[in-house]
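Colleague: Could you walk me through one helix in this model, slowly, as you would for someone in their first year? I'd like to hear what surrounds that helix and how its neighbours fit in.

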Amino acid sequence: PSAVIVAIDGPSGTGKSSTSKAVAAKLGLRYLDTGAQYRAITWWMITNGIDTDDADAVALAAGKPAIVSGTDPAGPTITVDGVDASGPIRTREVTSKVSAVSAVPEVRALITDLQRSIAAAAEGGIVVEGRDIGTTVLPDADLKVFLTASPEARAARRSGELRGKEAADVAATKEALIKRDAADSGRKTSPLAKAADAVEVDTTELTLEQVIECVVTLVEEKR
Ligand code: C5P
């Protein structure tokens, strides 16, 4: 089978990462977590004392960190200037600041270029997950999936993931999540949006296994 490019977009808490990784592993494809790249650049800004609400300062510094993403679905990696960033990019501080950083056009231009070159280099195909993959990064993807779920289901899943790491109740998680979606959907440059030719999958009533099965079937139909 030829190299297949799969774009999976949607807000957080829809099972996007778990689904994308599992689909890539099952089908022998590479995997790219684009949210991790925006988190990595945000983490670098924070560590280097850049005010993440100052769009001009963020734009000026955007090209400085070297972000490298590994694409093995069994163990995706991300480094910033050679340092493993996979832990620090998941903190609540990074999560609360990433939308401001990712809204800066210079940041998006750099990260989008990086994503396109990774996808082009992926022999055998790749699953790329994010917010603007089907609309902007890879508009010619072979398959575009847009995952949705009710805010309640998404908040419950997110607080399940956070449990043990950072205590967060469902109500606070839901509020933070809705705020981040509004910022990601409302920004000027490539907002979170469903591509016209994307297949929408509402995951509210589905188990993770059912979502994976559904997307695997959709990919197989395209091959
Ligand atoms: O998917 P994840 O929650 O890790 O994404 C973190 C943030 O990165 C999003 O809230 C959004 O601001 C940004 N993002 C983006 N475009 C993408 C992927 C993520 O703007 N393709």
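Modeller: Let's start with a bit of vocabulary: an angle under 35 degrees counts as roughly parallel, one over 145 as roughly antiparallel, 65 to 115 as roughly perpendicular, and the rest as oblique. Keep in mind that this is a predicted model.

Our helix is α2, and its first neighbour to look at is α5, residues 105–121. The two axes come within 11 Å and cross at roughly 135°, so α2 and α5 are oblique to each other. The crossing of α2 past α5 is right-handed. On the α2 side, the contact is made by T34, Q37, Y38 and I41, and on the α5 side by V107, I111, L114 and Q115. Sort those contact residues by class and you get 5 nonpolar, 3 polar and no charged.

Now turn to α4. Its axis and that of α2 come within 9 Å and cross at roughly 100°, so these two helices are roughly perpendicular to each other. Here α2 brings Y38, R39, I41, T42, W43, M45 and I46, which meet E93, V94, K97, V98, V101 and S102 of α4. This contact has 8 nonpolar, 2 polar and 3 charged residues.

Next up is the ligand. There are 14 residues around it, and G35, Y38, S102, G130 and R131 come nearest. The elements giving two or more residues to this shell are α2 (34–47), α4 (92–102) and α8 (170–186). Our helix α2 gives the most, with 4 residues. By class, the shell holds 3 nonpolar, 6 polar and 5 charged residues.

Finally, let's follow α5 over to the sheet. That sheet is open and has 5 strands, in the order β2-β6-β1-β7-β8, with parallel pairing. At the edges sit β2 (30–33) and β8 (199–202), each pairing on one side only. From one strand to the next, the twist averages 20°. Helix α5 packs on this sheet, touching β1 (4–9), β2 and β6 (125–130), and its direction makes about 155° with that of β6. Another helix, α9 (residues 208–222), also packs on the sheet; α9 touches β1, β7 and β8, and its direction makes about 160° with that of β7. As for β7 (residues 143–148) and β8, they run parallel and are joined by 4 bridges. If you want a pair to find on screen, F146 has E200 in β8 as its bridge partner.

Conventions: Residues are numbered from 1 along each chain as its sequence is written. This is a predicted model: local features need pLDDT of at least 70, side-chain atom pairs count only at pLDDT 80 or more; totals for chains, interfaces and linings use all residues. A residue is near a molecule or strand if its C-beta atom, placed from the backbone, lies within 6 Å of it. Ala, Val, Leu, Ile, Met, Phe, Trp, Tyr, Cys and Pro count as nonpolar, Asp, Glu, Lys and Arg as charged, and the others, Gly among them, as polar. Axes are lines fitted to C-alpha atoms, for helices over the stretch in contact, and angles run from 0 to 180 degrees between N-to-C directions. A crossing is left-handed if the near helix is turned anticlockwise from the far one by less than a right angle, and right-handed if clockwise. Two residues are in contact if their C-beta atoms, placed from the backbone, lie within 7 Å. Two strands pair if DSSP finds at least two bridges between them.
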